[in-house]
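Please open the model in your viewer and keep the selection panel at hand. The tour below goes from one selection to the next and says what is found at each stop.

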Amino acid sequence: MQLQVMNSPFNQEQTELLNRLLPTLTETQSLWLSGYLAAIQSSSLQAAPAVEERPAPASVQAIPKEVTILFGSQTGNAQNLAKKAGKTLEERGFQVTVSAMSDFKPNNLKKVKNLLIVVSTHGEGDPPDNALTFHEFVHGKRAPKLEDFRYSVLALGDSSYEFFCQTGKDFDKRLEELGGTRITPRVDCDLDFEEPAAEWAEAVLAGLSEGESSSPSPAAASVSASAPAESVYSRSNPFRAEILENLNLNGRGSNKETRHLEISLEGSGLTYQPGDSLGVYPENDPELVDLLLAEMSWDPEEAVRVKEETVTLKEALTAHFEITVLTKPLVEKAAKLSGNEELQQLVSDSNQLKSYMDGRDLIDLVRDFKPWNSSAQEFVSILRKMPARLYSISSSFEANPDEVHLTIGAVRYDAHGRERKGVCSILCAERLQPGDTLPVFIQHNENFKLPENPDTPIIMVGPGTGIAPFRSFMQEREESGADGKSWLFFGDQHFVTDFLYQTEWQKWLKDGVLSKLDVAFSRDGDEKVYVQHRMQENSKELFQWLQEGAAVYICGDEKNMAHDVHNALIDIIEKEGGISRDQASEYLADMQKNKRYQRDVY
């Protein structure tokens, strides 16, 4: 296999040298080289903290070496950052416990001396599912007074939402009220979180190391030569993956367009499990970029700096920056940059600003508040980095080696007199052809996984593109020969045009891979019928499955569908269990705590 510059971390000269050397190595030489490289990595890790260590002054109290890291994560970002921080601290000699908030016994909080919280904000300022119980405990009357307690919070969020990083802010404030002292101030991260998260981790390490006199454990930094190699590709170093297939799943006459993408991972070393997501870095619509350039009278070929790289202005606006969403930080920076009094007045009124940003983009902003006297470089410097889009993977790696499949609904709508398009979904629908490439990475999500026991029954609720991970689940169970029962609730607008992957589901049902299928097509009858209605129609059998230990999975729209399905589950448990609504809610909360109720919602 020949290394390629495009899909490797090496430059052209290094790639040519490696391609000449590697084929000439004997098996013994290859093994020796692998061990040698591992040893170098181990030595460098051990040597990393080789800063002169001075004994702590007698007046400084030694800080405990134990650190607890709790994460609240919906998509896996907070979990991955928590694990990364834990690994860094272990390499520096700390004894670290990394745990989901849902797995941590709240009463043990008073025993913790050093606590790090890494938490995302979900929906309209809500904690993620696996943080609900701990969040409620900390903010309740049973929360203990915290003495000799140090903490720090890393908050993840999206500044296009009103309650940006709200859950992290809540934890930070409450832990201070309970008596805690910050190791380092809270850091709020937008979608481009890697750099501020790394800075937070360094600040935490520095804060924990104050007064800490024992030397780091060399063993903690050792690297096993036999450990499985991880792919070099990640969120910060995406893989240029080739498109193998791009199909429209909806029939002629449908109001929707849902794309089925098959993407090659060959040569990447990337793997995934059912429930994981694929991150995609899209490009902006060329027509929208040209419109913005014309509106600002900018030269498309003008050179601008994007971090350490120099690119043309057109390339920067196409591939590097977000131009379709307005956020509060962006509009505030634009107001300072322009000096426009009307714009400054707008940002001073939160309600007025929120109303203005809804459904508008950068084109609207530059048109509404002319003239702009800033340079192109000054203007692009206030823009937010193009965020990756996460899509639930709709294939099993075991069933499709070196491939990953996606199910993406094309987003088109009108707002404020202009047609609007989803950045990534319309790239896939209108401009992406087989043979083209996309920058991608795997987003592992431990919060949406098949049961460890393959005999466990599963209930899947996934209308529209929410069907994606359940196709992955079925492929995986078919491949492994799992015996557990499975039940799918699927919904969309019309049976004839919108039954996604219909032939596959019917085949799985015929073959016994899928035990039961209930569908709801909302526009085919006089009254609209949704998945929650089908669930309630089958309430007796559904509750029986729950009593047998079934795990429930929900994927799709969080604001409406997931909320309605959640309430339907409580209704069913209350009715069929003959218990109060509070007890039914507690029943579902216990399922969630035991990982029998998992949601992948957006």
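Begin with helices α19 and α20, which are roughly perpendicular to each other, because an angle of 65 to 115 degrees counts as such and their axes cross at roughly 90°. To display the pair, select residues 539-547 for α19 and residues 558-577 for α20, and note that the two axes come within 9 Å. Bear in mind throughout that this is a predicted model.

Next, show the side chains at this crossing: on the α19 side, select Ser539, Lys540, Leu542, Phe543 and Leu546, which meet Leu569, Ile572, Ile573, Lys575, Glu576 and Gly577 of α20. Coloured by character, the residues of this contact divide into six nonpolar, two polar and three charged.

Now move to strand β21, residues 597-601, and pick out Arg599 within the strand. Is this arginine, Arg599, buried or exposed? Arg599 is buried, because its relative accessible area is 11%, which falls under the 20% cut-off for burial. Add Asp129 to the selection, and a polar contact of 2.8 Å can be drawn between its side chain and that of Arg599. To complete the surroundings, leave aside the neighbours of Arg599 within four places in sequence and select its other contacts, namely Gln74, Asp129, Phe448, Ile554, Glu558 and Ala562.

The following stop is helix α9, residues 328-338, where Leu330, Val331, Ala334 and Ala335 are the residues to highlight as buried. Turn the view until you look down the axis of α9: the buried residues fall within an arc of 140°, so they line one face of the helix. What do the buried residues of α9 pack against? Select α10 (341-347), α11 (350-357) and α12 (362-368), and you have the helices against which they pack. Before leaving, step just past the end of α9 to Gly339, which takes a positive phi of about 75°.

From there, go to helix α14, residues 423-431, which is mostly covered, with seven of its nine residues buried. The ones to select are Val423, Cys424, Ser425, Ile426, Leu427, Cys428 and Ala429.

Finally, zoom out to the whole chain, whose secondary structure comes to 21 helices and 21 strands. Of its 602 residues, 47% are buried. If you plot a contact map, consider the contacts with a sequence separation of 6 or more: residues 24 or more positions apart account for 76% of them.

Key:
Residues numbered from 1 in each chain as written. Predicted model: local features only at pLDDT ≥ 70, side-chain atom pairs only at ≥ 80, totals over all residues. Heavy atoms only, no water. Buried < 20%, exposed > 50% of the residue type's maximum accessible area, 1.4 Å probe, protein only. Helix = DSSP H or I, 4+ residues; strand = E, 2+ residues; numbered from the N terminus. Arc of directions from axis to C-beta. Contact = heavy atoms within 4.5 Å. Polar contact = N/O pair within 3.5 Å; in protein donor to acceptor, adjacent residues only side chain to side chain. Axes fitted to C-alpha atoms, helices over the stretch in contact; angles between N-to-C directions. Parallel < 35°, antiparallel > 145°, perpendicular 65-115°, else oblique. Nonpolar A, V, L, I, M, F, W, Y, C, P; charged D, E, K, R; others polar.
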